[in-house]
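Biologist: Got a minute to walk me through this one? I'd like to start with a helix and what surrounds it.

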Amino acid sequence: MTANSKHHFSIGVRIASGFLIAIMLMLALTYVSLNHMEQANARLKNIVQKNNVKTEMAQIMQKALRERALSMHIMAVLTDDFLKDEEYQRFNALGGEYTRAREKLENLAVSPEERKVFSRIIELTRAAQPEVQKVIEMGLHGSDPGIFDQIRNESMPKQRLISEQVDALIRLQQSQAAAAIKEAETSSASARKTMLLLGGVASLLTLVIAIFVGKRASKHAQALEHQALYDDLTGLPNRTLFQDRLKQTITHSQREGLTFAIMLMDLDRFKEVNDTLGHNVGDLLLQEVSQRLLKTVRNSDTVARLGGDEFVILLENPSEAYIQKIAQKILEALDHPFSLDQDVVDINASMGIALYPEHGNDAVTLTQRADVAMYAAKHDNCGFLLYSESQEQSSRAHLTFKSELRQAIENDELVLYFQPKIDHTTARIMGVEALVRWQHPKRGFLPPDQFILTAEQTGLMQSLTHWVLEKALLQCAALHKAGIFINVAVNLSARNLHDKQLPANIARLLDKTNVEPSYLVLEITESAMMADQASALVILNQLDKMDVTLAIDDFGTGFSSLAYLSKLPVDEIKIDKSFVMEMMSDKQALVIVKSTIDLGHNLGLKVVAEGVETLEAWHALTEWGCDCAQGYLMSKPLSAADLMRWINESSWAEGISANSMKNLA
Ligand SMILES: Nc1nc2c(ncn2[C@@H]2O[C@@H]3COP(=O)(O)O[C@H]4[C@@H](O)[C@H](n5cnc6c(=O)[nH]c(N)nc65)O[C@@H]4COP(=O)(O)O[C@H]3[C@H]2O)c(=O)[nH]1
């Protein structure tokens with residue numbers, strides 16, 4: 001499980017737990033509230049039931065008392081014995097009813113107040129009993145006129161006292177019922193409060209969780225949107241967002257009648273930095289380039305990364321002067337060396353500019369045209385170019401040429417030529433320089449100046465150099481096998497000096513071809529050595545340790561500081577042919593050649609003169625102590641077969657190997 005998915009899992013667990021707690025709270029709330037209400041209802045029901053029974057009993061007692069009082073009066077006025085007896089029976093029955101009701105009341109759970117009233121009723125009933133008995137007997141046995149007095153003065157007052165107590169009992173029960181109802185109301189109010197409180201807590205919790213989930217979801221959606229529209233590495237808008245902005249800008253510019261420019265840019269040596277210094281350094285370079293671009297443009301301009309080392313800048317409503325100014329500023333900003341990790345890198349950029357609506361009024365056309373202009377700028381090595389129709393053809397041709405060159409390297413369409421190098425002391429061949437040509441299927445035989453630049457610009461230099469090294473070492477091995485122990489020189493490009501794998505590759509090839517390292521000369525132009533000194537020095541030191549010979553090519557054409565050159569681990573300098581070819585007619589060239597020979601010797605270096613076309617030049621160089629010469633005087637570059645013939649026939653190769661031809665045959 002990745003850290004990210006672990007994080008998502010733990011958030012998921014937290015959210016689920018939150019919801020679970022909220023649900024549990026809701027359930028607990030429902031249970032507690034229902035239970036509470038059920039209990040309150042049961043209590044109320046019980047109280048009401050009991051109260052109803054008690055009230056009914058008390059009313060029965062009250063009624064029985066009233067009926068018995070009436071019955072006493074009836075018995076007093078009845079004359080018929082039979083009726084009297086009947087009334088007496090009714091009187092007794094009412095007494096029974098009264099007693100049963102009272103006993104039933106007594107058996108019910110009664111409160112202390114009720115018990116008190118009961119005791120009073122029992123007491124009063126007992127006290128009234130003799131009077132009542134007396135009245136009954138007077139009523140049953142004849143018509144005593146004193147009976148009414150007896151009823152009015154003795155019996156009724158006592159009966160009223162009892163009745164008052166029964167009334168008190170009824171009131172008591174009523175007040176108790178009211179209290180019970182109140183209690184039930186209070187209890188249900190508190191249940192309601194509890195419910196509200198718990199409900200509130202649960203709702204709050206659910207709300208908090210909902211807010212949390214909502215926030216996380218919107219953050220996640222924002223992160224996804226950012227990921228979809230912005231480049232991870234540089235934080236710049238990516239191709240999708242750029243296309244969108246471009247379309248919006250077109251619509252806006254159409255409506256308002258405005259113009260805009262898109263500037264497509266790629267880094268000239270990015271692939272090489274990536275391949276040789278590693279992806280980390282490549283990434284750092286892209287980040288630094290983005291920062292420099294952002295610092296150069298206005299806030300309202302858009303800088304996007306389309307992928308790889310390709311950037312685009314959208315300038316809204318710019319003047320032509322502004323476009324030029326920005327393009328210039330960008331190139332200047334990128335011109336300063338980049339300090340990345342432990343490497344210092346120099347890069348160049350090429351920019352193609354297309355204008356709306358002049359060069360196109362839709363996104364596809366504008367981008368394509370900026371692309372064409374960018375390739376033209378790259379080809380002309382001029383930094384930036386505005387689109388023009390004439391670039392279309394050369395851009396297409398350039399792309400075709402590039403893919404043809406790649407195929408040529410893979411399909412062995414390249415050919416190596418060799419130009420002899422002659423030792424001034426012995427006037428005999430001591431080495432050859434390997435020079436590449438391309439046998440193009442349609443264009444014919446192409447010299448290196450027609451494709452080396454393309455190889456450098458398109459990242460093909462590494463494979464081209466590998467091809468040349470392998471073929472040159474194989475040829476050198478063949479010569480050695482034939483007893484011709486001369487060295488072979490191979491040209492390295494500035495690009496090769498950034499290839500950290502180069503020393504190891506060369507060691508592998510030397511091993512494979514069985515050529516001693518001291519027989520390999522690597523020629524590096526002065527400008528290539530100066531291009532990225534720190535990184536070049538690392539590679540040169542490694543090559544020096546391998547015991548291969550290092551030569552500075554085209555010496556005198558650059559502006560190298562002598563102090564720096566003296567620190568380089570080189571063994572040889574080659575004076576550029578432009579000076580050598582001119583030296584017999586141009587005094588300044590002569591001075592340069594002579595002083596370069598002296599300088600080289602003072603630094604302990606071997607000096608080679610190239611471009612020796614005349615015997616006069618040869619003798620002059622011999623006189624000045626030049627170590628070695630190369631030029632048309634001795635031989636033009638030759639195919640491998642012609643070289644063998646030349647070695648066999650030329651006086652410059654006389655005695656070099658007595659049995660060379662025999663061995664080669
Ligand atoms: N006018 C005149 N020219 C002479 C004379 N002697 C030699 N040359 C020419 O001078 C060039 C010497 O090679 P370079 O300075 O390394 O200059 C080379 C080198 O920089 C580059 N090049 C050739 N092969 C390779 C290669 O395999 N790799 C790399 N990186 N560059 C190469 O192409 C350049 C041109 O090569 P080439 O056309 O073969 O041209 C060769 C050679 O034909 C002379 O007496 N008079």
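**Helices and the ligand shell**

Modeller: Take α9, residues 363–380. The cover over its buried residues includes β1 (260–267), β6 (349–356), β7 (384–386), α10 (390–410) and α11 (452–457). Keep in mind that this is a predicted model.

Biologist: Which residues of α9 are buried?

Modeller: Among them are Leu366, Val372, Met374 and Tyr375. Arg369, Asp371 and Lys378 are buried as well.

Biologist: What span should α9 have, at 1.5 Å a residue?

Modeller: Its 18 residues should span 26 Å. The end C-alpha atoms are 26 Å apart, so the two agree.

Biologist: What follows α9?

Modeller: Asn381 does, and its phi is positive, near 55°.

Biologist: New topic. At what angle do α2 and α3 pack?

Modeller: About 175°, for α2 (residues 81–107) and α3 (residues 112–140). Their axes are 13 Å apart. Angles over 145 degrees count as roughly antiparallel, so α2 is roughly antiparallel to α3.

Biologist: Which residues meet there?

Modeller: From α2, Lys84, Tyr88, Phe91, Arg102 and Glu106. From α3, Phe118, Ile121, Ile136, Gly139 and Leu140. That contact has six nonpolar residues, one polar and three charged.

Biologist: Now the ligand. Which residues come nearest?

Modeller: Leu435, Val436, Pro448, Asn491 and Gly631, out of 22 around the ligand. Two elements, β9 (428–440) and β13 (549–555), each give two or more residues to that shell.

Biologist: How does the shell divide by residue type?

Modeller: Nine are nonpolar, six polar and seven charged.

Notes:
Residues are numbered from 1 along each chain as its sequence is written. This is a predicted model: local features need pLDDT of at least 70, side-chain atom pairs count only at pLDDT 80 or more; totals for chains, interfaces and linings use all residues. A residue is near a molecule or strand if its C-beta atom, placed from the backbone, lies within 6 Å of it. Helices (H or I, at least four residues) and strands (E, at least two) are DSSP runs, numbered from the N terminus. Ala, Val, Leu, Ile, Met, Phe, Trp, Tyr, Cys and Pro count as nonpolar, Asp, Glu, Lys and Arg as charged, and the others, Gly among them, as polar. Axes are lines fitted to C-alpha atoms, for helices over the stretch in contact, and angles run from 0 to 180 degrees between N-to-C directions. Angles under 35 degrees count as roughly parallel, over 145 as roughly antiparallel, 65 to 115 as roughly perpendicular and the rest as oblique. Two residues are in contact if their C-beta atoms, placed from the backbone, lie within 7 Å. The expected span of a helix is 1.5 Å times one less than its number of residues. A residue is buried if 20 or more other C-beta atoms lie within 10 Å of its own, exposed if 12 or fewer, and partly exposed in between; C-beta atoms are placed from the backbone.
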